[in-house]
Amino acid sequence: IELRRAGATLLGRILDDGRGFAGGRSGGGLESIVARLAARGGQLELGPGPAGRGTLVSFTLPEAGSVVP
């Protein structure tokens with residue numbers, strides 16, 4: 001798990017070394033996370049980890065007040 005700040009943006013990465021994410025239909029949990037981040041100007045990316053092993057979840061979230069609706 002990695003969290004860091006780049007200016008007024010919080011950047012996060014979560015990497016595991018499991019079987020990976022096969023794509024397909026996402027559950028309600030991922031949809032909820034995407035919606036909550038988007039409502040605050042953020043984004044979520046989900047894909048394979050390095051060398052195609054595991055899963056990498058990355059997100060960006062602007063500092064509160066730095067996004068104009």
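Author: Happy to walk through this predicted model with you. Its accessible surface comes to about 5200 Å², and 55% of that belongs to carbon and sulfur atoms.

Reader: Thanks! What is the overall layout of the protein?

Author: The protein has one helix and four strands, and along the sequence they follow the pattern β-β-α-β-β. Of the 69 residues, 17% are buried. Among contacts with a separation of 6 or more, 49% join residues 24 or more positions apart.

Reader: Now the charged side chains. Why is the pairing of E2 and R4 called a salt bridge?

Author: The rule asks for a side-chain nitrogen of Lys or Arg within 4 Å of a carboxyl oxygen of Asp or Glu. For E2 and R4 the N to O distance is 3.4 Å, so the pair meets the cut-off of 4 Å. As background, side chains of opposite charge can pair when their charged atoms come close.

Reader: What makes R13 and E2 a salt bridge?

Author: Their closest N and O atoms are 3.5 Å apart, and the limit is 4 Å, so this pair qualifies too. The link joins distant parts of the chain: R13 lies in strand β2 (residues 9-16) and E2 in strand β1 (residues 2-6), eleven residues apart.

Reader: Which residues are linked in a network of salt bridges?

Author: That network consists of E2, R4 and R13. E2 takes part in the bridge with R4 and also in the one with R13.

Reader: How do you know whether E2, R4 and R13 are buried or exposed?

Author: Under 20% relative accessible area is buried, over 50% is exposed, and anything in between is partly exposed. E2 has 34%, so partly exposed is the label. R4, at 46%, is partly exposed as well, and R13, at 38%, also counts as partly exposed.

Reader: And which salt bridge does R5 form?

Author: R5 pairs with E63, at 3.3 Å from N to O. With the cut-off at 4 Å, that pair therefore counts. R5 sits in strand β1 and E63 in the segment after β4 (55-62), 58 residues apart.

Reader: Why is R5 called exposed, and what is E63 called?

Author: R5 has 55% relative accessibility, so it counts as exposed, the threshold being over 50%. E63, at 40%, counts as partly exposed.

Reader: How many salt bridges does the rule give?

Author: The count comes to three salt bridges.

Note on methods
Residues numbered from 1 in each chain as written. Predicted model: local features only at pLDDT ≥ 70, side-chain atom pairs only at ≥ 80, totals over all residues. Heavy atoms only, no water. Buried < 20%, exposed > 50% of the residue type's maximum accessible area, 1.4 Å probe, protein only. Helix = DSSP H or I, 4+ residues; strand = E, 2+ residues; numbered from the N terminus. Contact = heavy atoms within 4.5 Å. Areas by Shrake-Rupley, 256 points an atom, 1.4 Å probe, with all protein chains shown as cover.
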